[in-house]
Amino acid sequence: MHRLAPVALISAVSSFAAVSFNRDIKPIMADTCFRCHGPDKSSRMANLRLDLRDEAIKPNRRGAIPIVPGDPDKSLIIQRIFAEKPGLLMPPVSAHKTLTAAQKGKIRQWVAEGANYEGHWAYQRVGEIEVPKVAGARTPIDAFVRAALAAKGLTLSAEAEPRTLLRRVYLDLTGLPPTPEEVDAYLKDRNYEKAVDRLMASDRYAERQAVPWLDAVRYADTCGFHSDNAFPAWPYRDYILKSIKANKPFDQFTREQLAGDLLPNATVDSRVGSAFNRMARTSAEGGLQPAEYLAKYGADRVRTVAGIWMGATLGCAECHDHKFDPLLQKDFYAMKAFFADVKETGLVPDQGPQAWGEQLALPNAAQKVAWDKLTAEVATAESALADKRKAVNASEWETALRGAVKDWVVQVPVAVSTRNGAVLKYFSTEPVLSVYETGGSVVSDTKPGNGLIVAEGPNPDNETYTVTLKPGAGTWYSLGFEVTSDDRLPGVRLARGSDRLVVTEVEVAVNGRKVEPAAARSSIPYWDQGLTPWNAIDGKPGTGWGVATYRTQRANFLAIDFAKPLVTAAGTPVVVTIRHDSPFRRAVTGRFRLALAPSPNAQPASERSGLMTIAALPKKFDGTAVPDMTHPQLAPLALRLSRLESEKANLRNQIPHVVTTVAASEPMVTRVLGRGNFMDESGEIVEPAVPVFLGKIKLPEGQKRATRLDLANWLVSRDNPLTARVYVNRKWRQFFGNGLSKTLEDFGSQGELPTHPELLDWLAGDFMKDWDMKRVVRQIVLSDAYRQSSIATPEMVEKDPDNRFLARQSRHRVDSESVRDVVLSVSGLLAADKFGGPSVKPYQPEGYLAALNFPKRDYSESHGEDLYRRGVYTFWQRTFLHPEMAAFDGPSREECTLNRSTSNTPIQSLVLLNDKTYVEAARVFGERLAATGGADIGKRIDVAFARAVARPPTAREKELLTKLYEAELARFRKSPADAKALLSVGEMSHAAGSSTNAADVAATVSVARAVLNLHEVITRN
């Protein structure tokens, strides 16, 4: 039971007559005075502090007293703010701040009333708050809201119409609208509480509620700095989803993210949660200063933790004491010291075996068994090869190998063809322009082609090249496939698209008979993402060889050894088929050569000045430098080891990995950096600690240094007055458009005093009882304040124009992810059955990533249902956020974001009308309306409105859309090509019967397009 206190409404009204320091004076001083007379001693003028009463009532050096409580005329600040001479006026002209007459009068009244200071509201311990007894209040939330409204002369509005209320709570809780069937079911039983509980138990609830947290923790799929390459992060996103769905207590949620690796008996789940510490942007740029970037990473964590859990702008204290709040520069670095044990480097590799530092593998049970088995087999194969290597005569084999291996013979094709429309051109002695990088510079040259084959023209997602050679009489032991780089190719400078090159199969045939391969070798030393040479000859379209990261070599060579020597006569045709059947779109070879080896053991090579020479053999043989696969005694063992390593690389590529936190054996030394200068090592060494003014962490007996776990425990303890307030305030914003304090990220003196401070503290105190995240949300959406109509009366607008006191509900557009989710859901396209999993790539404009480098890359959108998954799963490229997300105010997540902006621009309408996602959604929606809505356009419009906005259309809306249909029908009958073009947009298959009357269907699509572009479709009210 909630305790109710008899609070007369008249007392609530009269209490606002007295001047309050926190409500009336502090905001004025924070804006105009504290910069020069506040907490920061380095910028303090005249040795005067106005943020502390004891300091403000002290006489200055001349004997004048800044504030004389009860006597404004003797108070120096009153004399100065009312001064007529510019030289005496405060704030000074140079500050570009001006006090209004009302503000001056308020300060004078405050001094006259005794200049009473109050402790800053956010820094006071959350106490037991009594709920006011207010007639008609069903819930504690409503009691507080109704009491504040009464003081304004307002009351709550009536409950919203049932359809509106249901649609609102669906959008707020799940980010998706109700279906017509769900609306009808609700209208029958009107059990709102039951509907809320059902929604909150769904996967869809977790997907919607995760978005603000992902913004806050700056979750993304790319590293953010320099190349902004993809890094393994999505399992952490799934950890957030699962935690919200399971309603994990917020205190546990906090501990796992800040210190999941330090928990006693840390679980896989808690270690995944600790990836929070690794979500900062990192760089692999070769010229960076490691100390500088370690400083950046640490500072990012301080800003993020302070913002998420404390609502504090502690980042302002990186270079000096905070100008407005009691946050010291030392506090900043003491908070940073909590993370000094995170094992990391300043330069974080983004490719190769050491890429991304500490990672956690997350195999399922079958993968774990397979991994352990392969690991054991590889170890056995390595041991056997090492033992055999000791027994061979290395010197003798080295001599034989050097004399036996001949250069590769480059082949000029006699014919080329493709399966899906690309055009292949081949060159012999004709000059070919090449643009490539060498020595850090991009250069160009024009040389004879020497067998070069170049792909041009149409650029299909998948392609198969067929190249016919006539090598002449000879005996051949291997096929060489050299992929050459060119700076004009968007896919790692090697492929015609995507962010990688993937050759799924290379086949050789003579006279229609396949030449069996025995082995495959490559010039690429590290098999990234399972792109091993063996995959090019395994007969499986789901595997491949290629390049998935930036590499500096101009040529990438694949050598395929034949099981038996290939003998050709003068006119024998040799047909080479190169398949690119990867799910990555346009990961197709752009420029390549083919060669044949006239001797066994030819190594992967590179073309130089018209000759393709064998890879250089080492000057001195040390037992391992010459590839073991060339030695007759070592080859069988080396072959087996290579196959096993290939299998292991493929399996690793299938196992999810996530960056994780590992504690170093010794924390790095943390110093206060003068002005934030990472090169200044003269500053004081600090130990981990919370801001001094908030108290001190009590350590267990015998423990000398506070840890990240101690920080997490303090953040969710009663000793910290901020975390609960900050969290519930952000939740309030989600359901009303503004927080009780609208400055979600700043609970300091520059932030806004809450409109309902007692309500905020009641919610915070209730939350701290068991840190139940779902209960906070349930309390809000079951309140009358939430359920009321959003229709504003003139009186409401006059007395509360921004609706801060909530005499009505707020209307606002849904977040960027939900914009797309809503449209896909209405159209029937949304793939909503799967929960979690790797990030996906919906449609994106061609060439959008052209400015990215190292590697150059082209966007490779997903296939099938992955095109239509929810926005929470969209691949998040920090430096080039998906343009549809950006248009609807999605943040880049380069930094912690606690309060998204909500704009309303013409670009958004253009996106809804013209972006491929939305055009396809309208096409599918229109086809389904035509197939199921009956022959009458009026009935189709009825169905469209029921699905899109959960209501019937008005007569005027129906009239306008009918006229649109008739005009479009006439246009499409006159121009069938236009109808065909509209009905061909997107990958989703067509509804049955859509091709029989294309003009009618296309006209219905135009109607669907108009309906989906309604502002109401993407607005909750």
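A residue counts as buried when under 20% of its relative accessible area is left open. With that in hand, we can walk through this predicted model, beginning with a helix where the word applies again and again. In helix α22, which spans residues 757–770, 10 of the 14 residues are buried, so the helix is largely enclosed by the rest of the structure. If you would like to find them, the buried residues are L759, L760, D761, W762, L763, A764, G765, D766, F767 and M768. Around them are several partners: the buried residues of α22 pack against β2 (131–132), α7 (140–152), α13 (250–259), α21 and α23. Just after α22 comes W771, a residue with a positive phi, near 55°.

A second helix tells a similar story. Helix α20, covering residues 708–715, is mostly covered, with 7 of its 8 residues buried. Those residues are R708, L709, D710, L711, A712, W714 and L715. They pack against α13, α15 (290–310), α16 (329–337) and α21. You may recognise two of these names: α13 and α21 also pack against the buried residues of α22.

Next, let us look for empty space. Rolling a probe the size of a water molecule over the atoms shows where empty space is left. In this structure there are 10 cavities of 30 Å³ or more, and the largest of them holds about 400 Å³ of space. Its lining is made up of 25 residues, among which Q209, P212, W213, K731 and Q734 are the closest to the centre. Which helix gives the most to this lining? That is α11, with 8 residues. Helices α11 (203–216), α21 (723–736) and α23 (773–781) each supply at least two lining residues. By character, the lining of the largest cavity divides into 12 nonpolar, 5 polar and 8 charged residues.

Now for the strands. Five of them form an open sheet in the order β5-β10-β18-β13-β14, with antiparallel pairing. At its edges stand β5 (415–418) and β14 (513–514), each with a single partner strand, so one side of each is left without a neighbour in the sheet. Within this sheet, β10 (residues 463–469) is joined to β18 (residues 574–580) by 7 bridges, and the two run antiparallel. To see one place where they meet, look for T468, which stands opposite V575 in β18.

Other strands pair as well. Strand β6 (residues 423–426) runs antiparallel to β9 (residues 453–456), and 4 bridges join them. Here V423 has E456 of β9 as its bridge partner. Strand β9 also pairs with β19 (residues 591–597), again in the antiparallel sense, over 2 bridges. In that pairing, I453 is matched with F592 in β19.

Loops deserve a visit too. A831 is found in the loop between α26 (816–827) and α27 (883–887). Is A831 buried or exposed? Its relative accessibility is 14%, so A831 counts as buried. Leaving aside neighbours within four places in sequence, A831 is in contact with E865, Y868, R869 and R870. The C-alpha atoms of A831 and L867 are 8.3 Å apart, although 36 residues separate the pair in sequence.

Finally, a word on confidence. The chain averages a pLDDT of 93, and 96% of the residues score at least 70. Over residues 1–16, however, pLDDT stays under 50, and the model has 20 contacts beyond four places in sequence for this stretch.

Key
Residues numbered from 1 in each chain as written. Predicted model: local features only at pLDDT ≥ 70, side-chain atom pairs only at ≥ 80, totals over all residues. Heavy atoms only, no water. Pairing = 2+ DSSP bridges. pLDDT = per-residue confidence, 0-100. Contact = heavy atoms within 4.5 Å. 1 Å grid on protein atoms, 1.4 Å probe; cavity = no way out; pocket = protein on both sides within 12 Å on 5 of 7 lines; lining within 4 Å. Points joined across faces, edges and corners; volume = space filled by probe spheres on them. Nonpolar A, V, L, I, M, F, W, Y, C, P; charged D, E, K, R; others polar. Buried < 20%, exposed > 50% of the residue type's maximum accessible area, 1.4 Å probe, protein only.
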